[in-house]
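Me: I would like a close look at one part of this model, followed by an account of what surrounds that part. Please take care to say what each term means as you use it.

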Amino acid sequence: LGADLSSMLYSLGIPRDKQHHRVLDTFQSPWAETSRSEVEPKFSIPD
Amino acid sequence: TVNEKYSLVFTEWVKLLQKVDIEDSVVLIFIKQMMDKGILSESDNMIKFMKCALELSVSSFKESDPTGEVFTAIDALGKLIIKLLIFQEFSDYYRGDFLNTIYSTILLVFAEDHEQETFNERPYFRLLSNLFYEWSNIRGHKFSSIKDVKIRKELYTFDIEFYNISATYLHSFQPFAFPGFSFAWVSLISHRMFLPQILRLPDKSGWEKLTLLIIDLFKFLDQYTKRGIVSDAISVVYKGTLRVILGISNDVPDFLIENHYELMNNLPATYFQLKNVILSSIPKKKIVPNPYDPNLNMADVELCQQKPSIFYDPVKDLQSLKKPVDNYLRIPSNSLLKAILNGLYRTEYDVKIGVGYDYLSIDNKLVRGVVLHVGIEAGLENERTSSSAVFNTKSSYYTLLYNLINEGSTELRYQILQVMLEQLRYPNIHTYWFSYVLLNMFTSKEFGSNISEIQEIMLRCLLERVIVNKPHTWGIIVFFTQLLQNKEVNILELDFIKNIPEIENILEQS
Amino acid sequence: QNQAFRNPLFNEELKYWLNTKKTLMQPYKEMPQSMLSQLESSLLNCPDSLDADSPYLYRKPLSLPHPTSIFFPNEPIRFIYPFDLKLSNNATNNNTNTSSQKKVKNDIYSNTSLAKIFTKFDLDTLFFIFYHYQGTYEQFLSSRELNKNRNWQFNKVDRCWYYKEIEKLPPGMNKSEEESWRYFDYKKSWLARRCSPDFVYKKEDFEKL
């Protein structure tokens, strides 16, 4: 029967508000339990 | 010994990187000296050195205070590999060969370590994570951080290959091969420096390999999802899988939409919620009418005229059935029907745990291929000629499916109807056409005494998708509403419904 | 007999890799105890977000001479900002026009705790991070905050941040509004200063961020 996905979606950050956000670029870990700290996403700095 | 010498050199490298910035010229000089001494310039030596460095880094991890810096050596190794990947003079051999050699070396050291009592997946995870991180760092804005124009161009051209080679090796590291690496593996295929990049490569160049990796995961889950007790570890793998797929559905729904056929072919048969998650994906920026609106009519929804994109053409899987199916669609005949029907049965049973069954005598993947191919052809015909050519119970598209169901065994009926219901997704021509076909079949007078079983199977397939927790696909909801509202067949009066009070209850409430 | 197995570089490890081909082609129907142990061990050692984070070996000292507290942390800040706390837009300075707000909300950093905390920093702090943590993610975020949220622009030539102030003039004047420019002097006074009246804005001097 599956499960209520609201808490899983919440832990992923989907959908936070009416706006649409990308989540895979800041994805910490497949499991909420191993996602207790944020990770550095890609970025680039002009010269 | 050579190994001792290499250990010393690598240790110096690690120490150096702790003292100076990676961009410091001293670092390049160190590498150049390694090359001049033949450590890195000859492939045999390079492999020996890498093996030594990796073994040393893994030992260093195992011996380090777990509360301190455990990855220093591994991090330094990652940086060395990337420097070599970028700055070597690739004259004798090619950058791709170098990357393959590195990955092969890692794989072999890893393979031996995996069988030891002391194996720990974390340093290997860290190394691969670092390679993804370093590559992601330099590839920003078309590798603008690389000053040398020639190298920048080479790297830009190599980008797609970097991901495809990495994916190929991840395929070798899959859980069936290395169960002790399973959780690291799921973390790697969903890594923020790998997954969104491989999803977004130009021309979907990474999709084929990525689908392969997800299929590896599904197959592993399928093998160890048994009736009754599922081990905790497998449950956790499942949860992670679900979460990753939800992430993909949010960021790049088109990947799930266009690859749904292959994903459905490999998804464990009892994973209905995950099935719904994949099939509920809606293309970005599409505004979809409320499926719960009882007045909704697919005929009025413009989106329902559009053909959905398909990345992998199922026609490739039809093998010997391609000709008879295409011929039948042109000119239906009984002999063609018989050929197709016979072709769908397996020669040997296949063990497959489903809801209410343990094995298949039907080739369910072939069924899916045939059904989707028919749907694709119907969609093309709809565009080419007119909707009356396909929204027509006399059309060959309809009659093929009708006849397969009519003549088929109970099991075949179940597989066909289940696959047809899979096509009820977001508003598009397939969703529209298959709901037309299903509704007509449900209320058809042509099935004779077979109708009762067909109706029962259709409702069972529908309920399987609706009873589970959300999400539910747009097409399933709309079709369900249509079925409940239809005037020709009173569902609640059907014998098989009245015989099962729980189901009667559900349908009454619906 | 295969040549690969006679290569001294690989012959020890190759058999382990080859063994995995068996389970790939014919997976065990029931998980044997040895496999279950390996799987459970993998669960136990599952890498977490810290393992997946960016490697750092050498941390540059602060880029410009500046006294720092001995309590200054050496490790990068990693934490989780509660999702449901409203993003209150910076009090102090500038007009944040709504279109750039929307732009920011859609980028991949907007939902990270660090980026959210940066919206609460005052200009001083942002400039400090920008000039002293060169080449870092934190510098990137501070420039993102300055440019996208506070509408400052970065001059490539003098490496200063500039801000255009628009002052609405009372009716009856020649023009309805007056434009004046400020820049942050990081070299000497560590203050925002008015640009001289003959300052001319040259678009090509400013970084497209």
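What follows starts from one helix of chain B and then widens to its surroundings. How many of the residues of helix α15 of chain B are buried, and what covers them?

Reply: This is a predicted model, in which local features need pLDDT of at least 70 and side-chain atom pairs count only at pLDDT 80 or more, while totals for chains, interfaces and linings use all residues. Residues are numbered from 1 along each chain as its sequence is written, chains are lettered from A and ligands numbered from 1 in the order in which they are written, and side-chain values use heavy atoms, with hydrogens and water left out.

Helix α15 of chain B spans residues 272–279, and 8 of its 8 residues are buried, so the rest of the structure largely encloses it. Helices and strands here are DSSP runs numbered from the N terminus (H or I over at least four residues for a helix, E over at least two for a strand), and buried means under 20% relative accessible area, exposed over 50% and partly exposed in between, with a 1.4 Å probe and protein chains only. The buried set runs from Phe272(B) to Leu279(B), and polar or charged members such as Gln273(B), Lys275(B) and Asn276(B) belong to it as well. The cover over these residues includes α11 (207–224), α12 (232–251), α13 (253–258) and α14 (260–266), together with α21 (410–422) and α23 (451–466), of chain B.

The loop between α15 and α16 (322–330) of chain B holds Lys285(B). Lys285(B) has a positive phi of about 70° although it is not a glycine, and its relative accessibility of 86% is why it counts as exposed. A second backbone feature concerns the loop between α23 and α24 (474–485) of chain B, where Pro471(B) lies; a cis peptide bond, with omega about 10°, joins Lys470(B) to Pro471(B).

Chain B as a whole has 26 helices and 2 strands, and 60% of its 510 residues count as buried. Its C-alpha atoms fill a box of roughly 85 × 50 × 45 Å along the principal axes. With contact taken as heavy atoms within 4.5 Å, 72% of the contacts in chain B between residues at least 6 apart in sequence join residues at least 24 apart.

A nonpolar core is a set of buried Ala, Val, Leu, Ile, Met, Phe, Trp, Tyr and Cys residues joined through side-chain atoms within 4.5 Å. The largest one contains 121 residues, and Trp13(B), Phe181(B) and Ile248(B) touch the most other members. Helix α4 (residues 72–87) of chain B provides the largest share of this core, 10 residues. Leaving out residues up to four places away in sequence, Ile248(B) touches Leu24(A) as well as Leu195(B), Leu199(B), Ile214(B), Pro253(B), Phe255(B) and Leu256(B). Another core, of 74 residues, lies apart from the largest one, and Tyr328(B), Phe391(B), Ile416(B) and Ile497(B) are among its members.

Chain B also meets chain C, in a contact that takes 55 residues from chain B and 35 residues from chain C. The buried area, which is the accessible area (1.4 Å probe) that two parts lose on being put together, summed over both, is about 4000 Å² between these chains, with carbon and sulfur atoms giving 64%.
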